[in-house]
Structures are given as structure tokens and as C-alpha cells.
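Work through the following exercises with the sequence and the coordinates open beside you. Each task is followed by a solution that goes step by step.

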Amino acid sequence: MSSVRKFLTATLFEYETQKVIAISSYKIGLIYRGIQLLIVTYVVGWVMLREKGYQSFDTVVSGVTTKLKAVRMSSVRKFLTATLFEYETQKVIAISSYKIGLIYRGIQLLIVTYVVGWVMLREKGYQSFDTVVSGVTTKLKGLEYTNYTNIPSIGDRIWDVADWAVPPQMNSAFFVTTNVVITKNQSQTTCEEDKDNRWHASCKSDADCQKGHVHMLGWGVKTGRCVLMTHVKNFTVLIKNSVEFPKFGVKRRNILTKMTNRYLKTCNYRPNHPEDRYCPIFKLGDIIKYGQAISEKAAKQIWITGGMVAIDIHWECNFDYDEEHCKPEYKFRNLEDGKVGQGWNFRHAYHYVEDGIHKRTLVKAFGIQFFISVTGRGGKFDILNFTMNLGSGLALLTLATVLCDIIVLNIMRKRKKYRQAKIDKVKRKEIERAKTIRESDRGGRRRGKRNRLGGATESAPGALGSTSFTGHLSTPNSASLAVSGADLSDISACGGGGSSGGNNGIPFADAPTSPT
């Protein structure tokens, strides 16, 4: 159990974060912010605005000549050393804490679940997609018989498609008459306007009755009777839908390959049947029955006053499998909402001449307007989309580090201790002290180089002459200063002042003693 506990502590309950070194320096701060400003200016000004980085472009085919310029090998070597042969890594601080470890792994688990479950599987982030291009035609069938023998002007009559499908063809839609009001034997003559229509019937002189003016709100004479078609629910419509996915070169029809002429003559759409759910022949009553947002009361009313119904055909295809698995889905919706202005009706007339008099039969048709819409998309595996979505998802894992850093540095009880371990602050005095030591070291190396190049020289009073030595000067701050080839006058100055001879200078173990 101790081994298991150590393993879990080292893997599940350990949080790793990056250590940050904060340097308080005006120069470094200005340089850092200046570089950031240059990068932002380059991205916004040059990449986005000057080069129009928000647009896509096409390239030209061209011939190119080149001119080479000699480059010093030393410059190339320095460039390669500074870019290719240099590796930078970050320092990691491991915090052993059950709370932080569980939070950290929990956030990582949520992100991985989102990327794999939602982005990759649910939204198929590994595929490229194409939208559907569609065409729709409809063909209606049905007969209706009405018997009004007690009304000689109507009598008994058979209604076929030419009578109740007006107009016969529409663009991605069709109309079915469910109720009509017929006014027969209308002829054009002169009569009085209805006196109840006071705004248009009021007339005191001929000047008030303008010749040729049409009153849109005037009344007509209705001599007919309402005719309700009760068998419209059994009328059928054949919907032919052909779609194409141009990107993948795939064409499909809602009349599937396995469907035969015999099957199409007998099938009707049934949403819960394994085969008939794809049948393209629909009863109008079933469309209303299976429609969404169509209550029983609304279904009864729609056959009398008419209405608007949508037929949605959706294609969701995965072309990583056989094309035969690409099949349509049908849904129906009631498009009307509210209580005012419900229904759908229009008027059309049949004209004829009887005894030299032009007459007509006016039909006010109530019915259902069916609108057909086709949507869909097809997908296929694409390595570019897969790598882009996977990389974007894995980049979200950095959120776990950011959130845990906020908790560790601001909420946890030991946040001060964690902050001290994570952040190293460098004070300005330490920077200036290191700068002084570095300049002293650089000056000593330059003087030693001049002595080696110039050979033996006469010694100044109290100096070492041509004798070369190497030693280390220990400072109170435990910083070591290497000195090579320096004279004793400089060493005496570093030691706090004193003559070059005697014991006032700083002795070196490996340096020769000055002559007395």
C-alpha cells in the first residue's frame, strides 16, 4: 500500500507549476515592453492591415531569378549557435497536495472529455463538411365527392387534383384545398352599394360618385353555400428530393435504391417503421398528425380555416461509411402562431359565356399551404481538420495550470509559501552590485590580455612587474571575482587602500611575494 500511495501522490495528487523570476530593472522593463509593443505593432499594422492577414489569397505562377551574396562564415556560425544549437527549458516546481492535485487532474479530465466527447465524436471534428444542394418536386393524388342535391346551384360533384390543387405547381411548396365557398352564375351589372357601408355608399350628388373608382371594401352578393371536404386527410403527396454534395461528388435521392415500383404503390410514411420511415409518399392527415406544435384542437381547426405547415427534410451523411447509409429524415411543423389572423384562403374564378353574357363561378378556397425545406451536410475524414481541432483542444489544457496557479497563489492557506517558492524577486541593488562585479572582471581580463600581448614591462613602484599570477578575491557577498594578470596597485585598491608592499594588500595563496 505504501508503494501505491507513493505512486498516487506522485501522479494524481501532485501539481507542477512554472517558476517565475521577477527582475526589477528599468532597462529590462523598457526593453521587454518595447519588444512587446513592436510585436503587437507588427501583427496589427503589418500582418493584419498592410498584408491583409484577415483575407484568403491565391498565388501566381512565376519565374524567379536569384542573386546570392557572400556571408562571412563567422556570422553564420554565430547565427546558427544562437538559433539552432541553443535549448531553453523552464524550471518546474512540484507541489504535493491532495486538494491541488485533484483539482488539477479534474480540470484536465473535463477538458479531455470535452475535446474527445464533444468536439471529436459529437461534432465530428475529425471531418471536413459540405452543405447540400437540393431540388424538390411534388405530385398530389386524391378524389373527393360532395353531395349537395338540395342546392341545385351546387349539386353533387367529384373533386380531383385539378380542382383542389391550385395552383398545380409551386416552388418547393404546394397548396391543398380543404374548404370552399362557391358563388355561381355571377355576371357583371349595375346595382346599389350596400347602405351600411357608409364610408363608400354615401352619395349626395353625381360628383360624389366618381366614375371608374373601385371600392376595395365594397360588398358582393354570396349566393352559394360552404362546401367542406371531409376526405382531404386521405389525399397523398409524393415528394421527390434529389441532393448533391459537390465537394465529395456524391448524389442521393429520397427514393432509395432498394425501393421498387411495387413498394412505392403501397407504402405510406410511418415514422416508427424501420422501412416506411423513408417512404416518400405522405398522407396529408399523417403530416398534421405527426407535426410538432400541432395540438388536437389546432388540427381540427386547420381543416376548416386552413393554415401553414412546414415539411423539413434533413440529410446527415457520414461518407466514411457506405453512401447507402446516407438517408433523409422528415419532420413536420405548424408555422402559425397566435389567435389573430389564423388560416389561409384565396379566391379564384372560372369564367364562361352564357346567352351572350360573360359569367363566372367564384371560388373562395380555404386550405393548407405546405412549405418544403431541405437542409443537410456531409462529412468525410480530413487530416487537416483532425490535427487542427486536436491541437486546439490540447491547448486548452493550459487552462488547468492557469486556474491552479490562481488557487495556489491567492486562495490556499499556504499561499505565501507557494508564492515565495514560485517567484524570485531580484532587487535593484543586487543588479547594480552584479553589474559592478562584472565590469571589474571585464577590466581585469582586458589588462591581462594587454600584458600578455606586450610581453615583459618595467614594474611600477609597488607592482609585480612582468610576473603573471591568478587568484580570487572574496567579497562580503560571497561573489567570487577572478583576476588574471593584474598589478598589485589595483589589488590594493580593491582591498580597501594600502601600499603595494607589506601586509596592507590582499594576499593570494598562489601569488609570489613582492620583493622588499
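**Exercise 1.** Find the residue that UniProt lists under "glycosylation site" and state where in the chain's secondary structure this residue is placed.

*Solution.* The UniProt record, an unreviewed entry, lists Asn234 for this feature. In the model, which is a predicted one, Asn234 is located in the loop that runs between strand S9 (226-228) and strand S10 (236-245).

**Exercise 2.** Take the spans that UniProt gives as "transmembrane region" and describe the secondary structure of residues 30-49 and of residues 102-121.

*Solution.* Begin with the record: the unreviewed UniProt entry places this feature at residues 30-49, 102-121 and 390-412. Next, examine residues 30-49, where the chain is 100% helix and 0% strand, with 26 Å between the end C-alpha atoms. Then turn to residues 102-121, which are likewise 100% helix and 0% strand, their end C-alpha atoms lying 26 Å apart.

**Exercise 3.** Determine which residues of helix H4 are buried, and what follows this helix in the chain.

*Solution.* Helix H4 covers residues 98-122, and its buried residues are Ile100, Gly101, Tyr104, Ile107, Gln108, Ile111, Val115, Val119 and Met120. Take Val115, which lies in H4, as a worked case: its relative accessible area is 5%, and because buried means under 20%, Val115 is assigned to that class. A spatial relation can be added here, since Val115 and Leu390 are separated by 275 residues in sequence, yet their C-alpha atoms are 7.4 Å apart in space. Finally, H4 is followed by Lys124, whose phi is positive, near 50 degrees.

**Exercise 4.** How many salt bridges does the structure hold? For the pairs Asp276 with Arg270, Arg333 with Asp312, and Lys359 with Glu354, give the N to O distance and the accessibility of each partner.

*Solution.* The structure holds 5 salt bridges, and the steps below treat the pairs named in the task.

1. The side chains of Asp276 and Arg270 meet at 2.4 Å, N to O. Asp276 is buried at 7% relative accessibility, whereas Arg270, with a relative accessible area of 41%, is partly exposed.
2. Arg333 and Asp312 form a salt bridge through their side chains at 2.6 Å, N to O. Arg333 belongs to strand S14 (residues 328-334) and Asp312 to strand S13 (residues 307-318), so this pair ties together parts that are 21 residues apart in sequence. With 32% relative accessibility Arg333 counts as partly exposed, while Asp312 is buried at 17%.
3. In the salt bridge of Lys359 with Glu354, the closest N and O atoms are 3.8 Å apart, which falls within the 4 Å cut-off for such a contact. Here Lys359 is the buried partner, at 16% relative accessibility, and Glu354 is partly exposed, at 33%.

**Exercise 5.** Which residues gather in a patch of positive charge on the surface, and which helix contributes the largest share of the positive patch?

*Solution.* The patch is made up of Lys27, Lys435, Arg438, Arg442, Arg446 and Arg450. Its largest share, 5 residues, comes from helix H13, which spans residues 428-454. As a check on one member, Arg450 lies in H13 and has a relative accessible area of 53%; because exposed means over 50%, Arg450 is classed as exposed.

Technical notes. Residues are numbered from 1 along each chain as its sequence is written. This is a predicted model: local features need pLDDT of at least 70, side-chain atom pairs count only at pLDDT 80 or more; totals for chains, interfaces and linings use all residues. Side-chain values use heavy atoms; hydrogens and water are left out. Patches are made of residues with over 30% relative accessible area and no salt bridge: like charges are joined within 9 Å, nonpolar side chains (Val, Leu, Ile, Met, Phe, Trp, Tyr) within 5 Å. Accessible areas come from the Shrake-Rupley method with a 1.4 Å probe; for residues, only the protein chains shown count as cover. Lys and Arg count as positive and Asp and Glu as negative; His and the chain ends are not counted. The place of a charge is taken as NZ of Lys, CZ of Arg, CG of Asp or CD of Glu. Helices (H or I, at least four residues) and strands (E, at least two) are DSSP runs, numbered from the N terminus. Buried means under 20% relative accessible area, exposed over 50%, partly exposed in between (1.4 Å probe, protein chains only). UniProt positions are given in the numbering used here, feature names are shortened, and annotations may be inferred rather than shown by experiment.
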